[in-house]
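I opened this one to see how the copies of the chain sit against each other, and then to check a few residues one by one. Notes follow in the order I took them.

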There are 4 protein chains.
Amino acid sequence: MNTFGRSFRCTTFGESHGPALGVVIDGCPPGLLLSAKDIQPLLDRRRPGHGPLASPRAETDQVEILSGIFEGRTTGTPLAMIIWNREARPSDYDALRDIYRPGHADFTYLAKYGTRDHRGGGRSSGRETVARVAAGAVAMRILAEAGISITGSVDEIHGVADPAMQEEEIRRAMAEGDSVGGLITVIAKGCPPGLGDPVFCKLDALIAGALMGIGGVKGIEIGDGFAAARMRGSEHNDQMISTGFLSNHSGGILGGISTGADIVVRIGVKPTPSIRKPQQTVTVDGKETVVRIEGRHDPCIVPRVLPVAEAMLSLVLADALIEQEKYRVFLPMRKKRDFSKGAAHEN
Amino acid sequence: MNTFGRSFRCTTFGESHGPALGVVIDGCPPGLLLSAKDIQPLLDRRRPGHGPLASPRAETDQVEILSGIFEGRTTGTPLAMIIWNREARPSDYDALRDIYRPGHADFTYLAKYGTRDHRGGGRSSGRETVARVAAGAVAMRILAEAGISITGSVDEIHGVADPAMQEEEIRRAMAEGDSVGGLITVIAKGCPPGLGDPVFCKLDALIAGALMGIGGVKGIEIGDGFAAARMRGSEHNDQMISTGFLSNHSGGILGGISTGADIVVRIGVKPTPSIRKPQQTVTVDGKETVVRIEGRHDPCIVPRVLPVAEAMLSLVLADALIEQEKYRVFLPMRKKRDFSKGAAHEN
Amino acid sequence: MNTFGRSFRCTTFGESHGPALGVVIDGCPPGLLLSAKDIQPLLDRRRPGHGPLASPRAETDQVEILSGIFEGRTTGTPLAMIIWNREARPSDYDALRDIYRPGHADFTYLAKYGTRDHRGGGRSSGRETVARVAAGAVAMRILAEAGISITGSVDEIHGVADPAMQEEEIRRAMAEGDSVGGLITVIAKGCPPGLGDPVFCKLDALIAGALMGIGGVKGIEIGDGFAAARMRGSEHNDQMISTGFLSNHSGGILGGISTGADIVVRIGVKPTPSIRKPQQTVTVDGKETVVRIEGRHDPCIVPRVLPVAEAMLSLVLADALIEQEKYRVFLPMRKKRDFSKGAAHEN
Amino acid sequence: MNTFGRSFRCTTFGESHGPALGVVIDGCPPGLLLSAKDIQPLLDRRRPGHGPLASPRAETDQVEILSGIFEGRTTGTPLAMIIWNREARPSDYDALRDIYRPGHADFTYLAKYGTRDHRGGGRSSGRETVARVAAGAVAMRILAEAGISITGSVDEIHGVADPAMQEEEIRRAMAEGDSVGGLITVIAKGCPPGLGDPVFCKLDALIAGALMGIGGVKGIEIGDGFAAARMRGSEHNDQMISTGFLSNHSGGILGGISTGADIVVRIGVKPTPSIRKPQQTVTVDGKETVVRIEGRHDPCIVPRVLPVAEAMLSLVLADALIEQEKYRVFLPMRKKRDFSKGAAHEN
């Protein structure tokens, strides 16, 4: 399934070494001011840097909008965007054609499909996320109109919180032909109360699914997360006074629906599986071998996962925001009821 | 959205103090031997105990199958099951009608819908999970046919790993009018490689969404989870030899697709929000007040979340198993290709 | 797939001779006044009459609401309704257990599922439509709030337009152990312009799919329908003046989106396949035989299809109405633009 | 909604005068031999001719495959295809910018979205169907592997069945600044029994929705269609002998599931709404005016609808074929049952 969302639906396509990657957004509200200039900065942020720690594949990642815009505004019809692969070097992967790279999807894709595009991981490549970031940029434009902003930060690299030390940590891993993971926090500010659906599409469930769907993410927490499991109810409950909540242990979501407080999400990212260190593995016909992954690989993908995580959170919230609009159908009827201003639906 | 799954679709309904709860399963394969006897034991396991630590609402939770079975086997048409509420006592909640209980969905439901059923939390009640467990029992029957089994365990209650000490921990919280949370691990054994879809329906993404959609769950990990963020690639990668993987740091999923190894999932459950201790809160018309939640509440829901977590994992896997069947359409073509036995699609 | 709709989603279940039939409506807007009294009259209308032309199975078809209502209003959570089968007489079908009835789904269900519930057609029975009519009654309540009404009429029975003669036509067919079909027109009045989605969910496409999904319907027309194929553009185009359209050849839909004019739909219903006349057929193990269908069967189902057709049209429009609400997210922005009052979105 | 299908999902995008049109197919089975050569001939067939009766917009409609193919075979990942607009001449539409063309979607798009791309109808243009035909070509490849073929024919143009006379009929309409419609029959041969889902996704319901979703189609019939409404049960029922059905009044579908007989579908297409004859209409700000549509328009689109209708039928059947594969999960269990060879699931 390469479509994400219920009302704001993004369908992505493309492989690491195919002609292009892209996304079709179906359900984007009409009338939104939008151009490639809104999208390109986000794509640029996702691109690898140019220092010694960066993956040397130098894609420019220029987005091209193919449909859905008329005179600078969205029309409500599908918004298609493509990013051409300019720097594909599929021959780099010839040596890996018949080998399962440890920690990669090589074995599982073959198990699933009976075939696989081995060139840079094909569809399983992190390069796939360029389409998500493009879609996320559109979602962020919608969120901005609703007063919602998304920010994120790298909390730790390989257990190290200090940014200067993090660079050193990556350098050391790289020097040893190894790689490191880390932690990221993403926050949505300004989200109105009432987003998310009870039961299976709880807002936290949607967020968890969205962020765990990013390659390399192995853990996710909302608010206090796992720490809540060691707290008492009296510590974890967010008490209320007339001006709002006194704390935000819940991470902005109660019963699967946004409270109006900051939505706080933390994810754990595994170390890049592509390493130069020798590893035991097998070939597709079952022979044991040792593999050293050479080529253009990041020793740490955490900084590049950050804009992807922000994009995915944006997609979830833009979709939930549009979904929630449907309930307005009975707004006049609801207005007659007597709610506190704080709790009332945002009209 | 009260429907879960793509091919094995469960739609649940019902409130804590309405006439009944239930589920309709659409897409259950035909020909499966099934009766209420397959479902009741799971429901019984979810029911509260009868000791001093248990919620005293004494529902018998007898499942009734309304459709989809003929002469002891599923027909492929929708399987509807209901569980009547026999012990509903809505008047218990009269005092809470206009009060937002901290840590509950009272405020957020009203923000979303402009109305709410305050009786025991209505749809946001943990009682809703009885329908999920009934559906999960059917999913487990399918998984059993495919050789997949699901088991789970409570790892910690309020940071305590020892079961005897856990009971003490709960008792102490209850005596103080408080509550505690905990950790649960759920494992699927025997899962074939190849389940799960790349990108947005990665198997880990589906699992994360499914388990985070259980009320009270605030964190989720697959395999090494957050610990992976502090590991190096050389430590985390699961190397392979001809007989399989040498480790299972990935928790049985690579690139969003099952590897054939155990699928290992851990969740963190927050402490029950209903506590007797006084808490600051506001009424629906914005007046500050202090609330003490009396009534029939568990001081710790972790043991009751366990069968729900198992049920949700079962729903994800049964759905993924059926989804994967679709690829067989080109099986003859695929058979001509030369795969290792291990990696080949399970025919 | 037993779920219908995108935002107003109805999942039905139940067989002709099982314990009950029912429907779960997910996505019903909150705050709607609703009780069994809104639904029962529609179910009564669908019930067979008691005269000599009617099917003698005397079900009372009392609807029971299991969830989703609180203090007389919908809550936004799933609305479950069941109708118990009281008059099931499965033994009536013992003789047909191993025989494919011509014109029925016996052969095809077995081809699809490898099993079938032969009792009265199981899930393929017209009795299944009782759940659709219950759901349609809820949809009609929503439409009524928006000023939309649905009416239908029987145009022809076996080519006869005069109601008195129609009864005679049915009587004659019945006397000869035969059955007849007919034509139905369904009209939606008061529908605002703007409903329906371009391309695959055109409003006419949704209506065609919905009505063709009623057992026995073999043809569908919107507006002039097939007659349009013999018209010229200058005859068929609906010209406009400042007060609206000068004609309604399009049947209220242009480019798949409602124009604000009456939505006019016509369907052709085949004769009931269950007839007493001897017919050639085969048994499930391939032996040729002759079958005479005895039992409780209508010689003409057209009058009973009418409320089902109205229900299905209501489901399509209620869903489209709620879907359209989503676009309001950018209403303020759109208001700034300069539209004619007639063409502007109905705010 | 610009996505079609459940398992074989096509998402289309693009406007008449934007940069490109295209489609992303998600759920295409892996291992299928496929190249642009399989798709181009279908696109060429949809292109306007070059005679005096043809629309003079001379697009080459060359398809470009962007993803989902590796070494000549599908990989199971999304297949993206684009067709660039080379001959867009948006300035042709400047005069129509503020005018509602009768019979077109101009008024309704504006009512829905509050904005519209007036250039050649934007997304509502018949040019949108180029993406459907590309997707249909892939579906036909799948159907071919399963032994299913799709053929269609133009039955009538403006009531005229003789092909030579049809051309004359179109010429006469064109000379008078007018246009004509017609009838098309599409047939699927070789379809196995068992395709289609009961109730809302009946195969005939899916086909009706798919074909009514083509611009200009106003009526649809399966098998005998509306004629069935004037038949008796004894005439319409398809009796069976050991070798199969004795007739095919049902059009190859019973109870919404394929019988194995030819699937026969007839559609009625309205006359092209763009005509040179003067028509009354209004401007977007409500002023009455007279419009004459000049430019590159077909006086009869029926021959160009034909390949689109074939494509849509192919999409429905490919999707149903893949959906049906899911039931194989319990094949071994089903094999134990005793069916006639004819009725048994096609293993």
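Ground rule for the symmetry part: I superposed copies by least squares on the C-alpha atoms of residues with pLDDT of at least 70 in both. Housekeeping: this is a predicted model, where local features need pLDDT of at least 70, side-chain atom pairs count only at pLDDT 80 or more, and totals for chains, interfaces and linings use all residues. Residues are numbered from 1 along each chain as its sequence is written, chains are lettered from A and ligands numbered from 1 in the order in which they are written, and side-chain values use heavy atoms, with hydrogens and water left out.

**Entry 1, chains C and D.** I asked which residue of chain C comes closest to the rotation axis. I got Gly209(C), with its C-alpha at 2.1 Å. The operation that puts chain C on chain D is a rotation of 180° with 0.0 Å of shift along the axis, and the RMSD is 0.0 Å. For the interface I took contact as heavy atoms within 4.5 Å. Of the interface residues of chain C, 99% are interface residues in chain D too, so these copies meet through the same surface.

**Entry 2, chains A and B.** In general, a rotation about an axis and a shift along it relate two copies of a chain. Here I find that chain A lands on chain B after a rotation of 180° and a shift of 0.0 Å along the axis, with an RMSD of 0.0 Å. The two copies are therefore related as by a two-fold rotation axis. In chain A, Gly209(A) is the residue that comes closest to that axis, at 2.1 Å for the C-alpha. The interface overlap is 100% of the chain A interface residues, so the copies meet through the same surface.

**Entry 3, positive phi.** I looked at Asp61(A), which has a positive phi of about 50° and is not a glycine. Asp61(A) sits in the loop between helix H1 (36-46) and strand S4 (63-65) of chain A. My helices (H or I, at least four residues) and strands (E, at least two) are DSSP runs, numbered from the N terminus.

Is Asp61(A) buried or exposed? I call residues buried under 20% relative accessible area, exposed over 50% and partly exposed in between (1.4 Å probe, protein chains only). Asp61(A) is buried, at 1%.

Glu71(C) also has a positive phi, near 50°. Glu71(C) belongs to the loop between strand S5 (69-70) and strand S6 (73-74) of chain C, and is exposed at 53%.

**Entry 4, Arg171(B).** I placed Arg171(B) in helix H4 (residues 163-175) of chain B. Arg171(B) is partly exposed, at 34% relative accessibility. Arg171(B) and Pro299(B) are 128 residues apart in sequence, yet their C-alpha atoms are 8.2 Å apart in space.
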